[in-house]
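Let's take a walk through a protein chain together. Keep the picture open while you read, and look up each part as it comes along.

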Amino acid sequence: MAILEKMMLSRRQALGLGTAAAATLGLAACGGSSTPSADSGSAAGSAAESAVSIDTAAFDALVAGGPTAADDVIGASEWAQKVKDAGKLRVGCVSTSELFSQLNEVDGRYRGFDAGLWQLLARYITGDDQAFEPTTVTSSTRESVLENDDVDVVFATYSINDERKEVISFAGPYYISQYGVMVKADSGIKTLDDLKGKKVAAQSGSNGPELVEQYLPDAELQEMNTDEEIVTALDQGRIDAYAVNTDIILGTTLKNPGKYVMLDETFGPEDPYGIGLPKDSDGVKFVNDWLKGIEDDGTWAELWKITLGEDNIPDEPPAIEA
């Protein structure tokens, strides 16, 4: 089965346009020891709560035990040597992505699939998985922080496309997604056709606005800056739907059992997530070699199981671009 087909099947099973199936899959959110809030005391809500709390001990042990690079491997890359000399990896990231990168306010640790990758990369270069300096980015600032040398690398569910390649470079991909639509559970919206004349929001600076215009031409596009802003607008009834990558929808749905649903239909091309690096940096080869290494030794798969769920892991990682 193709990677995306297997992932989407598992997500739809997990959501089931509800939360009971998600509990069965045991998909993990990235909020450390905290649990999501349910809108009601239903059994499904309680089951989802127990399902989405990440195994923090397993996550922390995995990143702390990741491989480290030999000095000559680091010395062969100007980008990696710069990070090594600084003693820390400067990372452009987010802190509220339920499955990929969430900051636990209790212990100050970032956890999730993206967060695990950059902590493994920090360890690979510096020997310390916590030797990183996070800088919060949005979909509109991911290129500028690299162009201005504010960060060394960006891990932020960062879609690879030709326009972005004009100003930055990508390693990877390490994950494949696609676009979907999230609505409130009581909206009455069941299909993409139901979005005709409805207000559909997408994040400025992302692929969303273009995809909504192309695949949902009869909807009224609303552009907003952040995920939080769009979800708030959905809650308040100022928009009818949110078009975004399916993994983001899954995280929001699991965090708020019974409140939102993802429509069955997805749209747009397969969406490869890459690791953003400065334009034409030799860090691309370095990071790709590291990524291939953790894929081959099973670390990538283990991180996926801990953060995204064992039942929806693809048969193999995405092919790394040459």
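What follows goes from the whole chain to its strands, then to a pair of helices and a few single residues.

Before anything else, keep in mind that this is a predicted model. How confident is the predictor, on average, about this chain? The mean pLDDT is 84, and 83% of the residues score at least 70. The start of the chain is another story: over residues 1-52 the pLDDT is below 50. That stretch still has 118 contacts in the model beyond near neighbours in sequence. Don't lean on the details there, because predicted coordinates should not be read in detail where pLDDT is low.

Now for the overall picture. The chain has 322 residues, and 54% of them are buried. Its parts list runs to 14 helices and twelve strands. If you take the contacts with a separation of 6 or more, 73% of them are between residues 24 or more positions apart.

Let's begin with the strands. As a quick reminder, strands of a sheet pair through backbone hydrogen bonds, and the pairing can be parallel or antiparallel. A good place to see this is the open sheet made of three strands, in the order β2-β3-β4, with antiparallel pairing. Why is one side of β2 and one side of β4 left without a neighbour in the sheet? Both stand at the edges, β2 at residues 96-97 and β4 at residues 109-111, and each has a single partner strand, so one side stays free of a neighbour in the sheet. If you zoom in on β2 and β3 (residues 101-104), you'll find two bridges holding the antiparallel pair. Here Thr96 sits opposite Gln102 of β3.

Next, find strand β7, which covers residues 168-184. Is β7 mostly covered or mostly open? It is mostly covered, with 16 of its 17 residues buried. This strand also has several partners to look at. With β12 (residues 267-278), β7 runs antiparallel and shares eight bridges; in that pairing, Tyr179 has Phe267 as its bridge partner. With β10 (residues 241-245), β7 makes an antiparallel pair over four bridges, and there Val181 is matched with Ala243. With β11 (residues 260-262), β7 pairs over three bridges, again in the antiparallel sense, and Met182 has Met262 as its partner.

While you're on β7, look for a little oddity in the backbone. Pro173 is part of this strand, and the peptide bond that joins Gly172 to Pro173 is cis, with omega at about 10°.

On to the helices. Two packed helices can be described by the angle between their axes and the distance between the axes. Try that with α7 (residues 113-126) and α14 (residues 299-308): their axes come within 9 Å and cross at roughly 145°. The crossing of α7 and α14 is right-handed. Which residues make the contact? From α7 come Phe113, Gly116, Leu117 and Leu120, while α14 brings Thr299, Trp300, Leu303, Trp304, Thr307 and Leu308. Sorted by type, the residues of this contact between α7 and α14 are seven nonpolar, three polar and no charged.

Finally, let's visit some loops. Ser77 sits in the loop between α5 (71-75) and α6 (78-86). Is Ser77 buried or exposed? Its relative accessible area is 3%, under the 20% cut-off, so Ser77 counts as buried. Leaving aside neighbours within four places in sequence, Ser77 is in contact with Asp282, Gly283 and Phe286. Gly283 is worth a second look: Ser77 and Gly283 are 206 residues apart in sequence, yet their C-alpha atoms are 6.5 Å apart in space.

Two aspartates round off the tour. Asp149 belongs to the loop between α8 (142-147) and β6 (153-159), and it has a positive phi of about 60° although it is not a glycine. Asp149 is partly exposed, with a relative accessible area of 36%. Asp280 is in the loop between β12 and α13 (283-296). Asp280, too, has a positive phi of about 60° without being a glycine. With a relative accessible area of 64%, Asp280 is exposed.

Methods:
Residues are numbered from 1 along each chain as its sequence is written. This is a predicted model: local features need pLDDT of at least 70, side-chain atom pairs count only at pLDDT 80 or more; totals for chains, interfaces and linings use all residues. Side-chain values use heavy atoms; hydrogens and water are left out. Two strands pair if DSSP finds at least two bridges between them. Axes are lines fitted to C-alpha atoms, for helices over the stretch in contact, and angles run from 0 to 180 degrees between N-to-C directions. A crossing is left-handed if the near helix is turned anticlockwise from the far one by less than a right angle, and right-handed if clockwise. Contact means heavy atoms within 4.5 Å. Ala, Val, Leu, Ile, Met, Phe, Trp, Tyr, Cys and Pro count as nonpolar, Asp, Glu, Lys and Arg as charged, and the others, Gly among them, as polar. pLDDT is the predictor's confidence in each residue, from 0 to 100. Buried means under 20% relative accessible area, exposed over 50%, partly exposed in between (1.4 Å probe, protein chains only).
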